[in-house]
Amino acid sequence: MKLLVLATLLGLSSAQFDPHMKDGRTSLVHLFEWHWADIAEECERYLAPNGYGGVQISPPAESIVVYPWHPWWQRYQPISYNLCSRSGNEDELRDMITRCNNVGVNVYVDAVINHMCRAIAGEGKYTSCGSYFNANKRDFPSVPYTAWDFNDDKCYTSSGIIEDFDDIYQARNCRLLDLLDLALEKDYVRDKVAGYMNKLIDLGVAGFRVDAAKHMWPEDLNAVYGRLNNLNTKWFSSGSRPFIFQEVINLGDEEFKYTTKLGVIMRKWDGEKLSYLSNWGEGWGMMPSDKALVFVDNHDNQRGHGAGGEFILTFWDARLYKMAVGLMLAHPYGVTRVMSSYHWDRNIVNGEDENDWIGPPSYDDGTTKPVTINPDSSCGDGWVCEHRWRQIRNMVIFRNLVNGEPLSNWWDNGSNQVAFGRGSRGFIVINNDDWTLDTTLNTGLPGGTYCDVISGQKEGSSCTGKQVQVGGDGYAYFNISNLEEDPFIAIHADSKL
């Protein structure tokens with residue numbers, strides 16, 4: 001729910017750290033709240049042609065429907081494991097998974113398995129599929145779950161809700177925000193959860209983002225994961241295990257440290273500087289790179305939920321956001337995920353957004369609007385589509401091209417101007433100071449003229465943006481004003497003219 005994560009997998013085989021991306025692709029995108037039909041089309045028309053390796057989708061299970069507001073979080077309150085949501089029905093989901101796989105774009109499901117809906121949801125009249133439920137009686141006949149399948153008898157708080165998140169027993173046995181907490185130590189519940197996930201695996205998904213993993217016991221999760229099928233051999237090699245990344249909000253040494261620290265550094269708050277990133281990643285006490293999924297923002301923390309608060313960069317801070325995403329995609333640490341959002345009318349009161357609940361662009365009856373693509377390739381009708389921004393799309397391609405190359409030729413000015421390369425395949429220069437960057441740097445690239453893929457891109461034998469001349473010794477001169485719309489430059493092997 002309101003927690004987010006990097007890839008932290010407990011006691012799993014090494015195969016489950018493999019996202020199984022194809023054709024040298026290295027990044028996935030979260031198409032938050034998109035219709036299945038729109039995702040299928042986006043895989044074919046945009047994601048595959050531009051090097052995206054996967055797409056994270058919103059929870060596909062049947063959930064409550066909150067009239068008349070239709071908030072985004074209603075999808076994180078399941079009432080059954082029927083594959084019917086406001087993104088579409090099971091046939092549309094199957095079609096999307098098939099079409100995305102057929103063009104080499106993997107599908108990763110946001111899986112809500114810690115809980116069902118909130119107890120106050122009452123006797124259900126409104127769900128995304130029309131199934132009956134009675135939350136007051138903990139009765140979910142479409143699964144089926146009854147009162148025996150929940151953890152209420154194990155929670156010792158007077159409210160039945162987590163009151164102290166630092167108490168491991170409360171955090172894992174009590175209700176998160178009054179969400180009915182499933183008793184995952186029971187084989188029956190484990191089998192039902194695994195059955196839901198296996199149905200999705202058989203349809204062709206490549207893995208899962210496991211919601212609220214912090215609130216489940218590791219041995220219970222391992223028991224569920226051990227019940228999961230291998231991936232569908234129509235699209236994945238025999239014996240492939242589902243890729244699993246877990247939501248565990250922890251600013252100590254886990255993922256959320258990445259998103260929060262990067263926001264603080266880019267904003268230059270608390271005396272932080274870009275130059276401090278010379279050992280970014282594991283050198284900052286983060287988990288090993290091959291076990292981390294990293295992001296600048298996600299659907300929770302861009303709304304102020306979970307960890308990070310005001311530090312988090314989002315599309316609302318477009319200039320800094322593009323630089324932060326560019327740095328993430330250029331740097332070798334972790335598996336990278338790009339966010340794709342929608343607009344909502346913010347209402348900030350005492351530092352809190354009172355409209356953080358607003359759901360996706362919708363018609364008056366609550367039906368989600370399709371994603372409109374404008375003639376310039378941007379999105380309209382309230383959809384933001386950061387993954388289509390030229391600077392972000394081109395850095396996804398950059399990351400694919402430099403994959404496997406070490407970080408090299410680090411340079412900084414001791415402040416907020418930095419540059420680094422990826423072997424002899426790519427080089428990025430960022431100016432986040434309040435003055436011009438003006439210097440000659442060793443790019444590590446072969447001599448020649450390169451097209452900057454931030455201000456433009458290579459089209460045929462010409463460049464629509466800036467050009468960078470690299471000498472035979474690998475050095476190039478860079479001049480980046482702090483007043484530019486995008487004060488950073490990136491070049492790579494395929495942008496050479």
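Which residues is Asn106 in contact with, leaving aside its neighbours within four places in sequence? I'll start there, and then move along the chain. One caution before that: this is a predicted model.

So, Asn106. Its contacts are Pro19, His20, Met21, Lys22, Gly53, Gly54, Val55, Asn101, Ala206 and Phe236, again leaving aside neighbours within four places. Asn106 belongs to strand β3, which runs over residues 106-111. Its relative accessible area is 0%, and because buried means under 20%, Asn106 counts as buried. One of the contact residues, His20, deserves a separate mention: its backbone oxygen is 2.8 Å from a polar atom of the Asn106 side chain.

Next, a helix pair. Two packed helices are described by the angle between their axes and the distance between the axes. Here the pair is α2, residues 90-102, and α4, residues 187-203. The angle is about 50° and the axes are 9 Å apart, which makes α2 oblique to α4. On the α2 side the residues are Glu90, Leu93, Arg94 and Ile97, and they meet Lys199, Leu200 and Leu203 of α4. Sorted by class, that contact has four nonpolar residues, three charged residues and no polar ones.

Helix α4 comes up again with α5, which spans residues 218-226. The buried residues in α5 are Asp220, Leu221, Ala223, Val224 and Tyr225. What covers them? The cover includes α4, together with strands β6, residues 207-210, and β7, residues 243-246.

Now some backbone details. There is a cis peptide bond between Tyr67 and Pro68, with omega at about -5°. Pro68 sits in the loop between β2, residues 54-57, and α2. Another cis peptide bond runs from Val143 to Pro144, and there omega is near 0°. Pro144 is in the loop between β4, residues 115-118, and α3, residues 168-173.

Then positive phi values in residues other than glycine. Leu177 has phi near 55°. Leu177 lies in the loop between α3 and β5, the latter being residues 179-181. Is Leu177 buried or partly exposed? At 37% relative accessibility, Leu177 is partly exposed. Asp381 also has a positive phi, near 60°. The loop holding Asp381 is between β13, residues 379-380, and α8, residues 390-402. With a relative accessible area of 41%, Asp381 counts as partly exposed.

Last, the C-terminal part. UniProt, in an unreviewed entry, lists residues 408-496 as "domain: Alpha-amylase C-terminal". In the model, that stretch is 52% strand and 0% helix. The C-alpha atoms at its two ends are 19 Å apart.

From this part I picked Trp435. Where is Trp435 placed? The answer is the loop between β16, residues 426-431, and β17, residues 437-442. Trp435 has a relative accessible area of 44%, so this residue counts as partly exposed. Not counting residues up to four places away in sequence, Trp435 touches Asn413, Ser415, Gln417 and Asn482. For a sense of span, take Trp435 and Asp153: 282 residues separate them in sequence, and their C-alpha atoms are 61 Å apart in space.

To recap the two residues I dwelt on: Asn106 is buried, whereas Trp435 is partly exposed. That's what I have.

Definitions and conventions. Residues numbered from 1 in each chain as written. Predicted model: local features only at pLDDT ≥ 70, side-chain atom pairs only at ≥ 80, totals over all residues. Heavy atoms only, no water. Helix = DSSP H or I, 4+ residues; strand = E, 2+ residues; numbered from the N terminus. Buried < 20%, exposed > 50% of the residue type's maximum accessible area, 1.4 Å probe, protein only. Polar contact = N/O pair within 3.5 Å; in protein donor to acceptor, adjacent residues only side chain to side chain. Contact = heavy atoms within 4.5 Å. Axes fitted to C-alpha atoms, helices over the stretch in contact; angles between N-to-C directions. Parallel < 35°, antiparallel > 145°, perpendicular 65-115°, else oblique. Nonpolar A, V, L, I, M, F, W, Y, C, P; charged D, E, K, R; others polar. UniProt positions renumbered as here; feature names shortened; annotations may be inferred.
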